Amino acid sequence: MTGQVIDVVIAGGGPAGLSAALVLGRSLRSVMLIDEGKPRNAVTRRSHGFLTRDGTEPEQLRMLGREELRRYGTVDLRHDTIVSVERVAEGYFRSYTKEGLKLTSRMLVFATGMKERLPDWPGLADVYGRSVFPCPYCDGWELRDAPLALLGNCDNNLLGHIQLIRTWSRDLVVCTDGPASLNDEERGQLRERGIALYEQPIAALASSDGQLAHIALEDGLCIARSGAFIADTGAHEATDIPRLLGVGLERRGVYETGNHGLTRIPGLYIIGDAKHAFTGVAGAVSEGYEAGVAINHALAIEDW
């Protein structure tokens, strides 16, 4: 397949990319899916919220997806990384990979997701993905009614984050690691609900075998907690290739797209977390399906 024009090259082998490849493979399209094997949720032990697969290990989900794709002979899976892309004659894309492949395709899909830029709190690496998480929809049920903390700050709606975490537990404190981005009215709302606010710098997260025990602040105060969520993980696009091709970024740091993930560049689609910052497994699968259908329709019209 590497020596011919491929219908679609997909960068990223998470739920969104795999789902798009499945739809396109079933549409008899030639597909090359390139995945570097470094998913954003690598530290996560279980994926939740995906009907019939709730609680499945993320890697098992990806393995099941890859196994399903292998029955479609027009779909090729490669463990590799796209390092650059250029537009060539006929409006095609030429993608170059780390392993030396040169792929020419009619359509190009980025399902590369986001990468985290986590705070440098000592002890965070020991608990992240085990008792401290970024997403309450993914892991909030497992921490229901537990003594929880919301860690960190965010300029865009810190109060909204607090309101959300309170869904799963009323035993909640907020540690912002510096001055909280809350006005006086919002601070009053926290006091009315018995939510303690600590603005001292976070010194460390103490734990045992991945289980959070307490949050140590720089002034010596220790706050006993058994679970926490991070208000801002510093998520950013995993690749800047779409930007180099001319795709802009929205204010929240994700790529600008239209219907079904189509960008301003004809034939270039961006789906999943790279489009929304967070979609969840179910949302990513849906995005991939929609994009696969849209791409096949576009190719069918072009072929006609």
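This presentation walks through the sheets, helices and selected side-chain contacts of one predicted model.

Good morning, colleagues. I shall begin with the five-stranded sheet, then turn to the helices beside it, and finish with the second sheet and the aromatic residues.

The open sheet of five strands has the order 8-15-9-10-11, and its pairing is parallel. Strand 8 and strand 11 are the edge strands, each of them pairing on one side only. Strand 9 runs parallel to strand 15, and four bridges join the two. Strand 9 is also joined to strand 10 by four bridges, again in parallel. One residue lets us follow both of these pairings. Ala 149 has Ala 228 as its bridge partner in strand 15, and in strand 10 Ala 149 stands opposite Val 173.

In general, the side chains of a regular strand alternate between the two faces of the sheet. With that in mind, which residues of strand 10 are buried on each side? Leu 172 and Val 174 are buried on one side, Val 173 and Cys 175 on the other, and both faces of the strand are thus covered.

Let me now move to helix 5. This helix lies across strand 9, strand 10 and strand 15, and runs at about 160° to strand 9. Its buried residues are Leu 158, Leu 159, Gly 160, Ile 162 and Ile 165. The elements covering them include helix 4, strand 9 (residues 148-151), strand 10, helix 6 and strand 15.

Helix 6 spans residues 184-192, and within it Glu 186, Gly 188 and Leu 190 are buried. Among the elements that cover these buried residues are helix 5, strand 10 and strand 11. Both ends of helix 6 deserve a remark. At the N-terminal end, Asn 183 acts as a cap, with a side-chain oxygen 3.1 Å from the backbone nitrogen of Glu 185. Just after the helix, Gly 194 adopts a positive phi of about 70°.

The loop between strand 10 and helix 6 contains Thr 176. Is this residue buried or exposed? Its relative accessibility is 2%, and Thr 176 therefore counts as buried. The side chain of Thr 176 reaches the backbone oxygen of Gly 178 at 2.5 Å. Leaving aside residues up to four places away in sequence, Thr 176 touches Gly 152, Asn 153, Leu 158, Leu 197, Tyr 198 and Glu 199. Of these contacts, Leu 158 has already appeared as one of the buried residues of helix 5.

I turn next to the second sheet. It is open, has three strands in the order 12-13-14, and is paired in the antiparallel sense. Strand 12 (residues 202-208) and strand 14 (residues 222-224) each have a single partner strand, so one side of each is left without a neighbour in the sheet. On average, and ignoring direction, neighbouring strands here are turned by 25° against each other. Three bridges connect strand 13, residues 211-217, with strand 14. Ala 216 has Cys 222 as its bridge partner in strand 14.

The last topic is the aromatic residues. How many aromatic pairs does the structure hold? There are two. In the pair formed by Phe 133 and Phe 229, the ring centres are 6.2 Å apart and the planes stand at 45°, so the pair is tilted. Phe 133 belongs to strand 8 and Phe 229 to strand 15, so this pair ties together parts that are 96 residues apart in sequence. Both Phe 133 and Phe 229 are buried.

The other pair is Tyr 137 with Trp 168: the centres are 5.6 Å apart and the planes at 90°, so the arrangement is edge-to-face. This pair also links distant parts of the chain, with Tyr 137 in helix 4 and Trp 168 in the loop between helix 5 and strand 10, 31 residues apart. As for accessibility, Tyr 137 counts as exposed because its relative value is 58%, whereas Trp 168, at 15%, counts as buried.

Two arginine side chains also meet aromatic rings. Arg 87 lies over the face of Phe 93, at 4.4 Å from the ring centre. Arg 144 places its charged end over the ring of Trp 141, 3.6 Å from the centre.

That concludes the presentation. Thank you for your attention.

Definitions and conventions
Residues numbered from 1 in each chain as written. Predicted model: local features only at pLDDT ≥ 70, side-chain atom pairs only at ≥ 80, totals over all residues. Heavy atoms only, no water. Phe/Tyr/Trp six-rings, centres within 6.5 Å; stacked < 30°, edge-to-face > 60°. Buried < 20%, exposed > 50% of the residue type's maximum accessible area, 1.4 Å probe, protein only. Lys NZ or Arg CZ within 6 Å of the ring centre and 35° of its normal. Contact = heavy atoms within 4.5 Å. Polar contact = N/O pair within 3.5 Å; in protein donor to acceptor, adjacent residues only side chain to side chain. Pairing = 2+ DSSP bridges. Axes fitted to C-alpha atoms, helices over the stretch in contact; angles between N-to-C directions.
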